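Here is a quick tour for anyone meeting this structure for the first time. Have a look at it, then read on.

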Amino acid sequence: MLFNAELEANFLSAAIKTPLVLADCSRLTESDFGPTNRMVFSALKACATSGGDYSPFVLIDRLNSLNVKVADEIAPAAYI
């Protein structure tokens, strides 16, 4: 599958700002994202399905707890 990192980042940004975006796109899975955004989407989806808040702060905390580095070098707080 071909990936577009900019499009993925725009979608994830919209999903963080407007939670209904993620609910409207229920067919999306981790495999629909490139390596850079896959972990961010996975953490975002996990927060949403658990019924919890997934503000940028919660998402960053979740990624940090998993010791995730976006693009293998960028800290989640700098990326989100």
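Start in the middle: the largest nonpolar core has 15 residues, and those with the most contacts inside it are Phe 11, Leu 12, Leu 22, Phe 41, Leu 44, Leu 59 and Leu 63. (A nonpolar core is a set of buried Ala, Val, Leu, Ile, Met, Phe, Trp, Tyr and Cys residues joined through side-chain atoms within 4.5 Å; buried means under 20% relative accessible area, exposed over 50%, partly exposed in between, with a 1.4 Å probe and protein chains only.) Helix 1 (5-17), helix 3 (35-49) and helix 4 (56-65) each chip in at least two residues of this core, and helix 3 gives the most, with 5 residues.

This is a predicted model, where local features need pLDDT of at least 70 and side-chain atom pairs count only at pLDDT 80 or more, while totals for chains, interfaces and linings use all residues. Residues are numbered from 1 along each chain as its sequence is written, and side-chain values use heavy atoms, with hydrogens and water left out.

Overall, the protein has 5 helices and 0 strands; helices (H or I, at least four residues) and strands (E, at least two) are DSSP runs, numbered from the N terminus. Buried residues make up 28% of the 80 residues.

Back in the core, what does Leu 44 touch? Leaving aside residues up to four places away in sequence, Leu 44 touches Leu 12, Ala 15, Ile 16, Leu 22, Tyr 54 and Leu 59. Contact here means heavy atoms within 4.5 Å.

Helix 4 is worth a closer look. Its buried residues are Leu 59, Ile 60 and Leu 63. Seen down the axis of helix 4, they fall within an arc of 100°, so they line one face of the helix; the arc is that of the directions from the helix axis to the C-beta atoms. An α-helix has 3.6 residues a turn, so residues three or four places apart point the same way. Over on the other side of helix 4, Phe 57, Asp 61 and Ser 65 are exposed. Cover for the buried residues of helix 4 includes helix 1, helix 3 and helix 5 (76-79). Just after helix 4, Asn 67 takes a positive phi of about 60°.

Here are the helices named above, with their residue ranges.

| Helix | Residues |
|---|---|
| Helix 1 | 5-17 |
| Helix 3 | 35-49 |
| Helix 4 | 56-65 |
| Helix 5 | 76-79 |
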